[in-house]
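Dear colleague,

I am handing over the structure we spoke about, with the sequence alongside. Please have it open while you read the notes underneath.

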Amino acid sequence: MSEKSNTKPPVWFWIVSIVALLWNLMGVMAYLGQAYMTDEMKAGYTSDQLALMESTPAWVTAAFAIAVWGGLLGCIVLLLRRKLAKPVLMLSLIGILVQMAHSFFMTNAAEIYGPVQGVVTPVIVIIIGIVLVQFARIAEKRNWIS
């Protein structure tokens, strides 16, 4: 596990990996913004949005943290060309699915945030999480990561 693969990945591997890293950095910023929300930031939300955020259970916040920090770490490990990227990205995907299941099935987030922020964006996040796991699988199969 300490040796890098001798199979050189194509340029698009690096492009996808860097874009994925930037995507996950945005997720980390969203998490930190929510975790350390100031009164000024709260002023930008409606009372319904604030009530929904404040009623979020700790296990959903933990899933959010696992999703974003796992995604960030998974992309870093992917750029280091290590097989550990796949299980870490799978863990991130599990965090995404838990968080979004709560949002879709246990809250009225779609009603409060509207169709784009309440439905479309979460679906895109799920799709990207799945794509990143598949990307790591392909990279492992083609010996781009070891």
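What follows is a short account of what was found, beginning with confidence and then moving to particular contacts.

Please bear in mind that this is a predicted model. The mean pLDDT of the protein chain is 95, with 97% of its residues at 70 or more; by element, the lowest confidence falls in helix α2 (residues 39-42), where the mean is 92, and the highest in helix α4 (residues 58-79), where it is 98.

As to aromatic contacts, searching the whole structure gives 7 aromatic pairs. In one of them, Phe13 and Phe135, the ring centres are 5.5 Å apart and the planes lie at 25°, so this pair counts as stacked. Because Phe13 belongs to helix α1 (residues 11-35) and Phe135 to helix α6, the pair ties together parts that are 122 residues apart in sequence. Both rings sit on buried residues, Phe13 having a relative accessibility of 0% and Phe135 one of 6%. These two residues also belong to one aromatic cluster, together with Trp12, Trp14 and Trp144.

Helix α6 also takes part in the 1 salt bridge that a search of the whole structure finds: the side chains of Lys86 and Glu140 meet at 2.7 Å, N to O, and they link helix α5 (residues 85-105) to helix α6 across 54 residues.

Finally, Val125, which is likewise in helix α6 (residues 109-141), has a relative accessible area of 19% and is therefore buried, the cut-off being under 20%. Leaving aside residues up to four places away in sequence, Val125 touches Trp23, Ile96 and Met100.

With best wishes

Definitions and conventions: Residues numbered from 1 in each chain as written. Predicted model: local features only at pLDDT ≥ 70, side-chain atom pairs only at ≥ 80, totals over all residues. Heavy atoms only, no water. pLDDT = per-residue confidence, 0-100. Helix = DSSP H or I, 4+ residues; strand = E, 2+ residues; numbered from the N terminus. Buried < 20%, exposed > 50% of the residue type's maximum accessible area, 1.4 Å probe, protein only. Contact = heavy atoms within 4.5 Å. Salt bridge = Lys/Arg side-chain N within 4 Å of Asp/Glu carboxyl O. Phe/Tyr/Trp six-rings, centres within 6.5 Å; stacked < 30°, edge-to-face > 60°.
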